[in-house]
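This report goes through salt bridges, buried cores, a surface patch and unusual backbone geometry in one protein chain. The structure is shown first.

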Amino acid sequence: MTVEPLPRALCLSGGGYRAMLFHLGALWRLNEAKLLPTFDLISSVSGGSITAGVLATRWPELDFDETGYARRLDLVADDLHRFAGRTVDVWVVLRGLLGPGSIADRVAAVYARDLFGTRTLQDLPDEPRFVFCASNVQTGALWRFSKRYMADYQVGMVPDPTVPLAVAVAASSAFPPFLSPLTLKLDPASFQTRGRGPLFVAPYDERAILSDGGVYDNLGLEPAWKRSTTIMVSDGGGHLAPDPRPSRLWPLHLLRVLKLMDSQVRALRKRDLIAAYRAAADPHHGTYWGVRTDIADYGLAETLPCPLDRTTVLAETPTRLAKLDVRRQRRLVNWGYAVSDAALRRYVFPVPGAPGTFPYPQEGV
């Protein structure tokens, strides 16, 4: 596969509704900074893919002015707040266990009904390039969905795919073990002849068994790393809390082990990213902000008031698609807004002071 340059990238991590709303706050601040239309690539996984999917769907309606400010980002906010006001995961699991069809198919149906309608990948904007990442359980590689192609380097590339956007986001957010996997039927004849991988054989070219993109890369970095020099990462991922008495019942023990592995992979990727930012010889630069960041670490004289004990409570919002009350939703947005502001002012552009207030001033964090 040819790697074409896409110089400026935004990566949105996984983390269920917590990440979805945290990223919304970051988009709010990026919009105020007139940065949204400057991104060449927006890469996402899991909960971040819900945010990215809504942003992509609403992109033609955002009404950018001549400075790059989107006058109608409220359309994205309204869609995401409305969606976060309902529980999805429990009901799709129960119906998937009791009725026909897979759980992941039912998640895709909910996304289609409530967010994306009948839109396909071909309805995405040409610019910026939106890439939704899933993990191919068969090959152990990243499966990428975009308007120009979907691909796994081990199998090959399908140009101009017509996969429903709801299916792409459902694959990207198929949290294991309950919402995973999603089975994507493939037509071997649809693969581009040039660049077919070593696994372009049955059954790999007939169906892809996909899980949450965070299984492979919970920061959504992979599509950006070889293409982009400026990379901004919004991390709404979870954290493995200490447990003095982990369960020995194998389903609960397995869940604990999965969380441990996810936490370690995220920590390693974050460490490598920060090291690359700091290395003079590395071409990558940009900034990182996370839901578990201490805003004081940016060393700014002025930031919005975000006490660590309060933001830690927000960071511990469960990684689920479970209804959040309006105050929790708004506080997550406020936190994403405030910490992204600090990261941007510290490492991207010099602005003398913090914004005057939060997007939702009455809630704070």
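## Arg330 and Glu363

Arg330 and Glu363 form a salt bridge in this predicted model, and their closest N and O atoms are 3.5 Å apart. The pair ties together distant parts of the chain, since Arg330 sits in helix H11 while Glu363 belongs to the segment after H11, 33 residues apart. Arg330 has a relative accessible area of 29% and is therefore partly exposed. Glu363, at 12% relative accessibility, counts as buried.

A network is also present: salt bridges with shared partners join Arg29, Glu32, Asp341 and Arg345.

## Other salt bridges

The whole structure contains 15 salt bridges. Side chains of opposite charge can pair when their charged atoms come close. One of the bridges joins Arg82 to Asp79, with 2.7 Å between the closest N and O atoms. These two residues are three apart in helix H3, so about one helical turn separates them. How do the two partners stand with respect to burial, Arg82 and Asp79? Arg82 is exposed, at 52% relative accessibility, because the limit for exposed is over 50%. Asp79 is buried, at 8%.

Another bridge links Arg71 with Asp63, where the closest N and O atoms lie 3.1 Å apart. Here Arg71 is partly exposed, with a relative accessible area of 42%, and Asp63 is partly exposed as well, with a value of 39%.

## Surroundings of His81

Helix H3, which spans residues 74–84, also holds His81. Is His81 buried or exposed? Its relative accessibility is 16%, so His81 counts as buried, the limit being under 20%.

The side chain of His81 makes a polar contact of 2.8 Å with the side chain of Gln329. Setting aside residues up to four places away in sequence, His81 touches Leu21, Leu24, Gln329, Arg330, Val333 and Tyr360. Arg330 in this list is the residue that forms the salt bridge with Glu363.

## Nonpolar cores

The largest nonpolar core consists of 90 residues. Which residues have the most contacts inside it? They are Tyr111, Phe145, Leu184, Trp289 and Trp335. Helix H11, residues 326–347, supplies the largest share of this core, with nine residues. A second core, separate from it, has 16 residues, among them Val45, Ala224, Leu273 and Tyr277.

Leu184 can be followed in more detail. Without its neighbours within four places in sequence, Leu184 is in contact with Trp143, Phe145, Met150, Val163, Val167, Glu206, Arg207, Ala208 and Leu210. Phe145, one of these contacts, is itself listed with Leu184 among the residues with the most contacts in the core.

## A nonpolar surface patch

Trp250, Leu254, Val257, Leu258, Leu260 and Met261 make a nonpolar surface patch of about 600 Å². Leu260 lies in helix H9, which covers residues 250–278. With a relative accessible area of 46%, Leu260 is partly exposed.

## Backbone geometry

Most residues other than glycine have a negative phi, and most peptide bonds are trans. Which peptide bonds depart from this? The bond from Glu127 to Pro128 is cis, with omega near -5°, and the bond from Ala202 to Pro203 is cis, with omega near 0°. Both prolines are in loops: Pro128 between helix H5 (103–116) and strand E3 (129–136), and Pro203 between strand E7 (182–185) and strand E8 (207–212).

Positive phi values occur at Lys34, about 65°, and at Asp63, near 60°; neither residue is a glycine. Lys34 is placed in the loop between helix H1 (16–32) and strand E2 (41–45), and at 33% relative accessibility this lysine counts as partly exposed. Asp63 is in the loop between helix H2 (47–58) and H3. Asp63 is also the salt-bridge partner of Arg71, so at this position a positive phi and a charge pair fall on one partly exposed residue.

Note on methods. Residues are numbered from 1 along each chain as its sequence is written. This is a predicted model: local features need pLDDT of at least 70, side-chain atom pairs count only at pLDDT 80 or more; totals for chains, interfaces and linings use all residues. Side-chain values use heavy atoms; hydrogens and water are left out. Helices (H or I, at least four residues) and strands (E, at least two) are DSSP runs, numbered from the N terminus. Buried means under 20% relative accessible area, exposed over 50%, partly exposed in between (1.4 Å probe, protein chains only). A polar contact is a pair of N or O atoms within 3.5 Å; within protein, one must be able to donate a hydrogen and the other to accept it, and residues adjacent in sequence count only if both atoms are side-chain atoms. Contact means heavy atoms within 4.5 Å. A nonpolar core is a set of buried Ala, Val, Leu, Ile, Met, Phe, Trp, Tyr and Cys residues joined through side-chain atoms within 4.5 Å. Patches are made of residues with over 30% relative accessible area and no salt bridge: like charges are joined within 9 Å, nonpolar side chains (Val, Leu, Ile, Met, Phe, Trp, Tyr) within 5 Å. Accessible areas come from the Shrake-Rupley method with a 1.4 Å probe; for residues, only the protein chains shown count as cover. A salt bridge is a side-chain nitrogen of Lys or Arg within 4 Å of a carboxyl oxygen of Asp or Glu.
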